[in-house]
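Here are some short exercises to work through with the structure open beside you. Try each task before you read its solution.

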Amino acid sequence: MKKFFLTIGILILVVLPGFSEDKQYNILILHSRSADFPWVVSVNTAFEKIREENFPHVRFYFEFMNKNFPEDHLGDGIWKTYLAGKYSELNLSLIIAEGTEAVDLMKQSTNLFPGIPKVHRGDNLIKNTWTGNRLYLTSNIANAAVSTIKLAMEQNPELKTILLINGGTQATKPVIPEVTQYLGAYPEIELDIVSDFYLKDLINTVSGMEKESIILYTLVMTDKSGTSFVPRDVLSQITAVSEVPVYTFWNSLLGTGTVGRTMLDAETVARGMYRAGIDFLKTGEYSGSYSTMATVWDWRVLKQFNLPPTGENNSYTIINKPESFFKTYKQELIVLSLIILALFSLGISFGLIKYRKISKVLSIQKDELEELTSHQSLLLKEIDHRVKNNLTLLRSLVSLQIHESSNREVKDNLQIISNRIISIKNLYEDLFRAESVNEINGKKYFTDLLTQIQEGMLMESSGIDIEMNISETRLSPKDAMYIGLMANELVTNAIKYAFPDESENGRIAVSFLEDSDGAYTLEVSDNGTGLPQDFDVTDGKGLGLKIVTQLTSQLSGELEVYRENGTRFRVKLHPKN
């Protein structure tokens, strides 16, 4: 706790001296014009900004000599007495005299506030000079007018005529000789000076200006009739009827349709005079260059006359330029973006929730389908297994009957039946071992079938040999069964009838080939005794050939029989997948 209070005490000792050194400056602003004069309004607006930036250490007092309305203004003696009585006890820190009349009053009243620093700004002063505690800060309006002419010529390269409106005021008196001297180097440009006019005639002159011309406006406070005007109002009337650009060098006239250019800028003037006074109060001297001019363009007028903004190193300000769409609606766009982002996030969240639900349902359905498929596969294999076992049992019974029978013809018929059972049984064995129930290996199936026929019907001492030429094919179970039965019948008939004497050189050739068009050709040939000449295969009495004929028709095939050097059956098959 002691450490805490010690820290607070040190901070107070450090901070309090800083506060004690902060001094409040009481500054008197003495204007030559009235409070509602546009220039004065602009300057005072700038001083108010300075006060807000330096609150509470700066306080401004404003007085207005009202020189633009002579019938209302007081004499210098009365002003001197008034100011002395009002501010003698106020402890003023600085006096700023703004305008020629205010400067003259302070210069003539040397015994009025003698020890207080003074900053003067007027039109007949030497720029940025100081004597004792007085700084004389001039605006050099003539130079501003010449600079305006220079940039107007850059913006209007086809310029031929400049109409200079001379309002006859004290402030703009130096402008005419400076502009005249400068344009002497440009004889191709005509300078037309309008002075001592009636306002109505001036408006008519302006409205009739030809292209390739510009207007340079000074301050018009009265016309030939003696009527008093507000310069800003006069300029608004001129720009309203003018079809050529109008230039001026007073920023208080901006917004009236004037293009702009190098101007006596109110905020620049106010800040320059204030900074100069504070410099003297802090250091005892005026230092630095205190500017009163600024280059300003009106964006809307530039667009109206299609003029480019010009200036040294782009050191200018553009007013009335509309902000970009993003900048204008920045807050709305941010809110809209946040709403869209929130809706997008919400949509994604709902989508994820829905996706999870659908995924869960699909996962359950997948598991159920896999379970059902597995169950059906097991059932199918179980059925195939039972069918194969039943066929094996049936063949065993037939084989047992063959061994018990003594009748040769009965034995042969039973053997044929056994071979038919073998054909079907082999098919089921291949299906049972195959990965797919939709097709089987044709070469393996026929090779196994023919091998078992050979082993069942031919003794080892027999001279009959079965030769096989089976191509690699993939057959459907139905086609394989039909073709297998046909091969069984044809081979069995060849063994049974082609070699009645059991020739030692008997040969049975079996081929099964697939054509390029997807058809199959089954050929069974032998070198036996051959068929009788009057034998008609379509009228055969045996069951075997009937089976072959019927199955050939079901497979959209053609059966051909050849009797050269034995017998050859050729079956062209076109299975319907």
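**Exercise 1. Classify glutamate 48 and arginine 51 by accessibility, then find what joins their side chains.**

Step 1. Glutamate 48 has a relative accessible area of 31%, so it is partly exposed. The classes are buried (under 20% relative accessible area), exposed (over 50%) and partly exposed in between, with a 1.4 Å probe and protein chains only.

Step 2. Arginine 51 is also partly exposed, at 27%.

Step 3. A salt bridge joins the two side chains, at 3.1 Å from N to O. The term means a side-chain nitrogen of Lys or Arg within 4 Å of a carboxyl oxygen of Asp or Glu.

Step 4. Both residues belong to helix H2 (residues 38-53), where they sit 3 residues apart, about one turn of the helix. Helices (H or I, at least four residues) and strands (E, at least two) are DSSP runs, numbered from the N terminus.

Before going on, a word on the model. It is a predicted one, in which local features need pLDDT of at least 70 and side-chain atom pairs count only at pLDDT 80 or more, while totals for chains, interfaces and linings use all residues. Residues are numbered from 1 along each chain as its sequence is written, and side-chain values use heavy atoms, leaving out hydrogens and water.

**Exercise 2. Find the salt bridge between arginine 271 and glutamate 53, and say which parts of the chain the pair links.**

Step 1. The side chains meet at 2.7 Å, N to O.

Step 2. Arginine 271 is in helix H9 (residues 266-283) and glutamate 53 in helix H2, so far along the chain that 218 residues separate them; the pair links distant parts. Arginine 271 counts as partly exposed, at 21% relative accessibility.

**Exercise 3. Work out what lysine 572 pairs with, and whether lysine 572 is buried or exposed.**

Step 1. The partner is aspartate 515, and the closest N and O atoms are 2.2 Å apart.

Step 2. Lysine 572 is in strand S20 (residues 567-573), whereas aspartate 515 is in the loop between S17 and S18, so the pair ties together parts 57 residues apart in sequence.

Step 3. Lysine 572 counts as buried because its relative accessibility is 18%. Aspartate 515, at 23%, counts as partly exposed.

Step 4. Elsewhere, salt bridges that share partners join Lys49, Glu53, Glu267 and Arg271 into one network. The whole structure holds 15 salt bridges.

**Exercise 4. Trace the strands that pair with S17, and look at the turn that leads to S18.**

Step 1. Strand S15 (residues 465-470) pairs with S17 in the parallel sense over 6 bridges. Pairing requires that DSSP finds at least two bridges between two strands. Aspartate 465 has arginine 507 as its bridge partner in S17.

Step 2. S17 and S18 run antiparallel and are joined by 7 bridges. Alanine 509 is matched with serine 525 in S18.

Step 3. These two strands form a hairpin with 5 residues between them, and glycine 518 in the turn has a positive phi of about 90°.

Step 4. Aspartate 517 is in the loop between strand S17 (507-514) and strand S18 (520-526). It counts as exposed, at 56% relative accessibility.

**Exercise 5. Decide how well strand S1 is covered, and name its pairing strand.**

Step 1. In S1 (residues 25-31), 7 of its 7 residues are buried.

Step 2. S1 runs parallel to strand S2 (residues 58-64), with 7 bridges joining them. Tyrosine 25 has valine 58 as its bridge partner in S2.
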